[in-house]
Amino acid sequence: MKKMSETIVFFGSGPVAAASLELLAEDFIIEVVITKPQPPHHKDPFPVLELCKRLSLKTFCPADKASISELFATAPTTSRLGVVIDYGFIINQDVIDYFPLGIINSHFSLLPRWRGADPISFAILGGDAETGVSLMMIVKKMDEGPLLAQSDLIKITSETTTPSLTQELIKLSHNSLKSVIPQYVSGKVIPEGQDNTVDPTYSRKLTKADGIIDWQKPAIQIEREIRAYLEWPKSKTVLAGKDVIITSAEASNIEVEKGKITVVNDQLLIGCSEGSLRIKKLKPAGKNEMPSSAFIAGYGDHT
């Protein structure tokens, strides 16, 4: 496919940004990439910076939102359009105004549901049946800009995890951008306000503390947390005196005393405020992931 002649400035920093940028570079001319600088103490490669080196893309690394404004005061690009995905910095109004066509944010939720920093995890935590991608024009207020398009829906099932859903949404996002950007540039698509008949919901950045399992919660909520936190911060607890990360589980109707551990027909069950949680897979500290049956065989005398 021939690349679109309209050039793009890409803003993004994380792994999702890197995967999205690699796809965009196949279909669009990326004039410049704006990404976070790599901290001196950070030894692991930054995925966006590594990709830019491989694709020979011009890169700027402003350290904060003030530095972004300072950079654009020097008129470093000629592109009329910006695209932001997984960036992590707020973009000031002067930078938005720099682009005659504005800046498009590919936001991984069906806005106004799950505005904020982590819409993917919160769609799982919220028990949503489906999600998608919103192409939104950046405005001063976070995630309140008018929409260019919303994608087809992706179903969220009992098997969906944040990593698996993220990969689906990256592909969906690219297909949306590939289709909508040319129509927007040509004036065939006009931004429209978000649905004001729906109350917005808000996500936030997760913390390490979110990963500590609270057995006072209903089993269904803990099961969602395990799927949502699979990559980070992970779902941690102590079983049989051993620090473990639970990687797969399901809610059960078998009644178990709250916070207690029991084995029923080779099933490892833990009591919750509502129902119990059947542990399917877990990772003891210093060990590989294992099925609960292997854990019971090794540590069952201590449960």
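**View 1. Surroundings of Glu-6 in the predicted model.** Leaving aside neighbours within four places in sequence, Glu-6 is in contact with Ile-29, Arg-80, Leu-101 and Val-185. The structure shown here and in the views below is a predicted model. Glu-6 lies in strand 1, which covers residues 4-11. Because its relative accessibility is 13%, and buried means under 20%, Glu-6 counts as buried. The side chain of Glu-6 also makes a polar contact with the side chain of Arg-80, at 2.9 Å.

**View 2. The open sheet that contains strand 1.** This sheet is built from 7 strands in the order 3-2-1-4-5-7-8. The sheet is open, and its pairing is mixed. Its edge strands are strand 3 (59-60) and strand 8 (147-150), each of which pairs on one side only.

**View 3. The pairing of strand 5 with strand 7.** Strand 5 comprises residues 103-107, and strand 7 comprises residues 134-137. The two strands run antiparallel and are joined by 4 bridges. At one position of this pairing, His-107 stands opposite Ser-134 of strand 7.

**View 4. The hairpin of strand 10 and strand 11.** Strand 11 (residues 242-252) runs antiparallel to strand 10, and 5 bridges join the two. Ser-235 of strand 10 has Ile-246 as its bridge partner in strand 11. Between the strands of this hairpin there are 2 residues, and Ala-240 takes a positive phi near 55°.

**View 5. The two faces of strand 10.** The side chains alternate along strand 10, which spans residues 235-239. Ser-235, Thr-237 and Leu-239 point to one face and are buried. Lys-236 and Val-238 point to the other face and are not buried.

**View 6. The packing of helix 1 against helix 6.** Two packed helices are described by the angle between their axes and by the distance between those axes. For helix 1 (residues 15-27) and helix 6 (residues 162-185), the angle is about 35° and the axes are 10 Å apart. The crossing of helix 1 and helix 6 is right-handed. On the side of helix 1, the residues that meet helix 6 are Val-16, Ala-19, Ser-20, Leu-23, Leu-24 and Asp-27. Their counterparts in helix 6 are Thr-166, Ile-170, His-174, Leu-177 and Lys-178. Sorted by class, the contact of helix 1 with helix 6 has 6 nonpolar, 3 polar and 2 charged residues.

Conventions
Residues numbered from 1 in each chain as written. Predicted model: local features only at pLDDT ≥ 70, side-chain atom pairs only at ≥ 80, totals over all residues. Heavy atoms only, no water. Pairing = 2+ DSSP bridges. Buried < 20%, exposed > 50% of the residue type's maximum accessible area, 1.4 Å probe, protein only. Polar contact = N/O pair within 3.5 Å; in protein donor to acceptor, adjacent residues only side chain to side chain. Contact = heavy atoms within 4.5 Å. Axes fitted to C-alpha atoms, helices over the stretch in contact; angles between N-to-C directions. Left-handed = near helix turned anticlockwise from the far one by under 90°. Nonpolar A, V, L, I, M, F, W, Y, C, P; charged D, E, K, R; others polar.
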